[in-house]
Amino acid sequence: MHRVYLGLGSNLGDRHQHLEQAISLINERVGEVIRRSSFIETEPWGFESSNTFLNGVILCETTLAPREVLKATQQIERELGRRKSLNRTREALGSSKKSVNRKYEDRPIDIDILLYDNLTIDEPDLKIPHPLMHQRDFVMIPLNEIKTN
């Protein structure tokens, strides 16, 4: 069994409901959610928007390999309303593509793989640990709330 920490965020629509739906689908498709942080409200990071984010982190136990977790979380994002913009190029941020022309945008749901066991993966579309997580309070605060050794 593997332990994967996932960062969640939403700044469009019913943010709380999007996060709860994502957690439920992750529990069904990725693995049992064994720990979850509080949700915190944060300003957008890396772009300007009048829509604030609701963010949290979950820990789940999974039998899936990292790339399978990525595929499952990207599918959940699509099902919950995440749309790919035209002219997107993949940016290696540990999950599905998050920006348009290297700029972030509003989204109903965002799921990032933060940590997967003690693995280090450095591939064009999958980087674990998440390369920007230490720069983001909206990740580190909820991660530190639930992180176990």
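The following exercises, with worked solutions, concern cores, helix packing and salt bridges in a predicted model.

Residues are numbered from 1 along each chain as its sequence is written. In this predicted model, local features need pLDDT of at least 70, side-chain atom pairs count only at pLDDT 80 or more, and totals for chains, interfaces and linings use all residues, while side-chain values use heavy atoms, with hydrogens and water left out.

**Exercise 1.** Determine which residues of the largest nonpolar core touch the most other members.

*Solution.* Begin with the term: a nonpolar core is a set of buried Ala, Val, Leu, Ile, Met, Phe, Trp, Tyr and Cys residues joined through side-chain atoms within 4.5 Å. Buried means under 20% relative accessible area, exposed over 50%, and partly exposed in between (1.4 Å probe, protein chains only). The largest core has 26 residues, of which Leu6, Ile26, Val69, Ile111 and Ile113 touch the most other members. Next, consider the elements: helices (H or I, at least four residues) and strands (E, at least two) are DSSP runs, numbered from the N terminus. At least two residues of this core come from each of β1, α1 (15–29), β4, α2 (66–79), β7 and β9 (126–128). Helix α1 supplies the largest share, 5 residues. Finally, there is a second, separate core of 11 residues, which includes Val57, Leu59, Leu114 and Ile146.

**Exercise 2.** Identify the buried residues of helix α3 and the strands against which they pack.

*Solution.* In α3 (residues 137–146), the buried residues are Phe138, Val139, Met140, Pro142, Leu143 and Ile146. With contact taken as heavy atoms within 4.5 Å, these residues pack against β1 (2–10), β2 (31–36), β3 (40–42), β4 (53–62) and β7 (110–116).

**Exercise 3.** Explain which parts of the chain are tied together by the salt bridge between Glu61 and Arg3, and by that between Glu79 and Arg29.

*Solution.* A salt bridge is a side-chain nitrogen of Lys or Arg within 4 Å of a carboxyl oxygen of Asp or Glu. The structure holds 8 of them. In the bridge between Glu61 and Arg3, the closest N and O atoms are 3.7 Å apart. Because Glu61 belongs to strand β4 and Arg3 to strand β1, the pair ties together parts 58 residues apart in sequence. Glu61 is partly exposed at 26% relative accessibility, and Arg3 is partly exposed at 29%.

For Glu79 and Arg29, the closest N and O atoms are 2.9 Å apart. Glu79 lies in helix α2 and Arg29 in helix α1, so this pair ties together parts 50 residues apart in sequence.
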